[in-house]
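Subject: Structure for your review

Dear colleague,

Please find below the structure I am handing over to you. My notes on what was found in it follow directly after.

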Amino acid sequence: MYPIRTCLWFDGKAEEAAHFYVSLLPNSRIESVNASPVDTPGNKAGEIITVEFTLNGGAYLGLNGGSHYQFTPAVSLIVPCDTQEEIDRLWSALSDGGTPVQCGWITDRYGLSWQITPRVLLAMIKDPDTAKAKRAMEAMFDMVKLDIAALETAYHRS
């Protein structure tokens, strides 16, 4: 059985988006760019229909399917980050032409939702000390771009 991969539907910008995404994350690359052999509802024969790419080891397929469907925040890509510098770098790149939302969520210029999340927050909200977990979660709800230092301050506050 083949590994499962995510297909992302774009309106003609699959290759552009894939190049942008692979520039952001380590262990990422374009695998192939494929032209359509026939006319489709979203493409003419010879135009790029799919782009196979890897983001930090995970396989994706970008499909130039036309304007029939749009992304929604119901599906998002989560990027666990170890440092504030990593969060800031990704946030800056994704917000260029995109829209910051809340709680570490951002919608990029192609309409795809991302969660730029400190790895430490994921541990904090699973803490068996529910008071600490609650303080971290409440601090997160007050943020747009997540701030590791502020989250740790709230988490450790007694």
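Is Phe20 buried or exposed? The model is a predicted one, and in it Phe20 has a relative accessible area of 13%, so this residue is buried.

**Aromatic pairs**

The structure contains 9 aromatic pairs. One of them joins Phe20 and Tyr110: the ring centres are 6.2 Å apart and the planes stand at 55°, which makes the pair tilted. Phe20 belongs to helix H1 (residues 14-24), whereas Tyr110 sits in the loop between strand S7 (105-107) and strand S8 (113-118); the pair therefore ties together parts that are 90 residues apart in sequence. Tyr110 is likewise buried, with a relative accessible area of 13%.

A further pair is formed by Tyr21 and Trp114, which meet edge-to-face, at 5.2 Å centre to centre and with 65° between the planes. This pair also links distant parts of the chain, since Tyr21 is in helix H1 and Trp114 is in strand S8, 93 residues apart. Both partners are buried: Tyr21 has 0% relative accessibility, and Trp114 has 2%.

Taken as a network, ring pairs connect Phe10, Phe20, Tyr21, Phe53, Tyr60, Phe71, Tyr110 and Trp114 into a cluster. In addition, Arg109 is placed over the face of Phe20, at 4.0 Å from the ring centre.

**Surroundings of helix H1**

Phe20 and Tyr21 are among the buried residues of H1, which also include Ala14, Ala17, Ala18, Val22 and Leu24. The elements that cover the buried residues of this helix include strand S1 (6-10), strand S2 (29-35), strand S3 (48-55) and strand S4 (58-64), together with helix H2 (84-95) and S8.

**Cysteines**

A disulfide is a covalent bond between the sulfur atoms of two cysteines. How many disulfides does the model hold? With a cut-off of 2.5 Å between the sulfur atoms, the count is 0. Cys103 illustrates the point: the closest cysteine sulfur, that of Cys81, is 15 Å from its own sulfur, which is too far for a bond. Cys103 is buried, at 14% relative accessibility, while Cys7 is partly exposed, at 43%.

With kind regards

Terms used: Residues numbered from 1 in each chain as written. Predicted model: local features only at pLDDT ≥ 70, side-chain atom pairs only at ≥ 80, totals over all residues. Heavy atoms only, no water. Buried < 20%, exposed > 50% of the residue type's maximum accessible area, 1.4 Å probe, protein only. Phe/Tyr/Trp six-rings, centres within 6.5 Å; stacked < 30°, edge-to-face > 60°. Helix = DSSP H or I, 4+ residues; strand = E, 2+ residues; numbered from the N terminus. Lys NZ or Arg CZ within 6 Å of the ring centre and 35° of its normal. Contact = heavy atoms within 4.5 Å.
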